[in-house]
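Trainee: I want a close look at one part of this model. Pick a single residue, start there, and work outwards through whatever it touches.

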Amino acid sequence: MDPKVLGISLSDISTGLIFYPDDEAITFPTVISKKKGEDAWGVGESAYALALDGKGIITDKLLKLTRKKGVATIDGVKYEGREILKFFFKEIIDLGMKKLYKEKPDEVVIAMTGLDHDIVNDIREAFLNLGYLPNHIHIISKEESFIYFVLSLKKDVWNNRVGMFDLSDVSLTYYEMIVNRNSRKLFAGAESENMDEAFNLQILGNPSGAKLADKILTSVATKVMDKKQFSAIFLTGQAFESVDWAENFTGFLCSRGRVYSDANIFAKGASFKGVDIVNESSIYNIVCTCEGRLNADVFIQAIKEGRECRIYLGKIGDYWSDLENEIFLIPDESENININIAGMDPKKNKIVSVPLDFLPKRPLKSRKIKFSSRFLDNKVINLEISDVGFGDMYPATDAKRSIEVNIWD
């Protein structure tokens, strides 16, 4: 029996839905409006219609509002951004169930950019309030959904570098993905870059504006793709529903690899990720390195029960937001703890030394510390190091230090 998975592509510009196993998508503007004097809401085009009829007031940029802990006054009532997000999610799921199928999804996977702790927790809380269980709510980066989408296709699509341009109103992002193989798993890495050359899509409405847009995109593609060759290049976003206006741009892309267009890549990739989660054994069997995940092993070399071992603070492909560790260590004669960072490229491996000179001076192997770690993102780890004493011989002191360590520059 196929799992019922809802894949959501979420941004402040637009929202896309895929209810797997259906492959039909719904896309609409990320806006919401409350009907005046009623406990009822409209989203997308329905929200605009309410506003035009004078029956509601549009609230947009919902993620931005939530990130800044903002408040919106709607119909005389103040709502926090995260409350409005809950109403928005309820409405889009109800809308999707009416248009696609009636059953509530088993898994929800949201693909978005900017996976900081606060916004992830607010989105998770919104779905919890809608009755979803914690282990059925998954928030991933658009880079990761791109990876899952590409790897769902035939191998010749991704046997080399894969590029993608996402163009929506005043938003242009370039993605690049590459797969490394080892004996057991695929290591799939993706990166993205927001381009300063984004433009208002209204310029496509006239020939001179379309010509300018084509010139801008061709220049961007020449810059970011350089002389690389690609097994595939994808186009996504509302602007690429038609590419008749982008003759020079698409011509340049075709000189670099095969070109495909799909308006719902992120929502589809999110749904494929959900299907992979539900299966007892992974369909894809991949380790992703992208936004939201670590791109290196982070560990301390230690001696345990007479043997040398690694104490991992995080492994390549782990979700950094899930990683919190608390361990007790007895430092040797060194006045430092070495944090080892080992990524896919051995040439970039390094060791970061964390000084322990703030601890009290004691005889060799008679200092014991509590060592706590928490990742702030995939490049920065926060360490809390404190003295816990050493039995009855040396009581604990208040020596403590909080240190932020950059594992990558």
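Mentor: Start at Ser 9, which sits in strand 1, residues 5–10. Strands and helices here are DSSP runs numbered from the N terminus: E over at least two residues for a strand, H or I over at least four for a helix. The model is a predicted one: local features need pLDDT of at least 70, side-chain atom pairs count only at pLDDT 80 or more, and totals for chains, interfaces and linings use all residues. Residues are numbered from 1 along each chain as its sequence is written, and side-chain values use heavy atoms, with hydrogens and water left out.

How far can you trust it? pLDDT is the predictor's confidence in each residue, from 0 to 100. Where it is low, the predicted coordinates should not be read in detail. The protein chain has a mean pLDDT of 92, and 99% of its residues reach 70 or more.

Back to Ser 9. Its relative accessible area is 11%, so Ser 9 is buried. The cut-offs: buried is under 20% relative accessible area, exposed is over 50%, and partly exposed lies in between, with a 1.4 Å probe and protein chains only. Contact means heavy atoms within 4.5 Å. Beyond its neighbours within four places in sequence, Ser 9 is in contact with Ser 14, Thr 15, Gly 16, Ala 111, Lys 142, Phe 266 and Ala 267.

Follow two of those partners, Lys 142 and Phe 266. Both belong to a helix pair. Helix 5 (residues 142–151) and helix 9 (residues 265–278) pack at about 75°, with axes 7 Å apart. Axes are lines fitted to C-alpha atoms, for helices over the stretch in contact, and angles run from 0 to 180 degrees between N-to-C directions. Helix 5 and helix 9 are therefore roughly perpendicular. That label covers 65 to 115 degrees; under 35 is roughly parallel, over 145 roughly antiparallel, and the rest oblique. Helix 5 contributes Lys 142, Glu 144, Ser 145, Phe 146, Tyr 148 and Phe 149 to the contact, while helix 9 brings Ile 265, Phe 266, Lys 268, Gly 269, Ala 270, Phe 272, Lys 273 and Asp 276. Sorted by class, the contact holds seven nonpolar, two polar and five charged residues. Ala, Val, Leu, Ile, Met, Phe, Trp, Tyr, Cys and Pro count as nonpolar; Asp, Glu, Lys and Arg as charged; the others, Gly among them, as polar.

Confidence is good news for helix 5, which has the highest mean pLDDT among the elements, 98.

Now helix 9 itself. It is mostly covered, with twelve of its 14 residues buried. Among the buried ones are Phe 266 and Ala 267, along with Gly 274 and Val 275. The expected span of a helix is 1.5 Å times one less than its number of residues. For helix 9 that gives 20 Å, and its end C-alpha atoms are 20 Å apart, so the two agree.

Val 275 leads back to the start of the chain. Its C-alpha lies 8.4 Å from that of Asp 2, although the two are 273 residues apart along the chain. Asp 2 is in the segment before strand 1. Its relative accessible area is 47%, so Asp 2 is partly exposed. Leaving aside neighbours within four places in sequence, Asp 2 is in contact with Tyr 20 and Pro 21.

That pair deserves a check. Tyr 20 and Pro 21 are joined by a cis peptide bond, with omega about 15°. Pro 21 is in the loop between strand 2 (14–20) and strand 3. Strand 3 (residues 25–29) has the lowest mean pLDDT among the elements, 90.

Other backbone points to note, away from this region:

- Lys 69 has a positive phi near 55° and is not a glycine. It is in the loop between helix 2 (62–67) and strand 7 (71–74). At 52% relative accessible area, Lys 69 is exposed.
- Glu 305, also not a glycine, has a positive phi of about 50°. It is in the loop between strand 17 (296–304) and strand 18 (307–314). Its relative accessible area is 77%, so Glu 305 is exposed.
- Asp 226, just after helix 7, takes a positive phi of about 50°.
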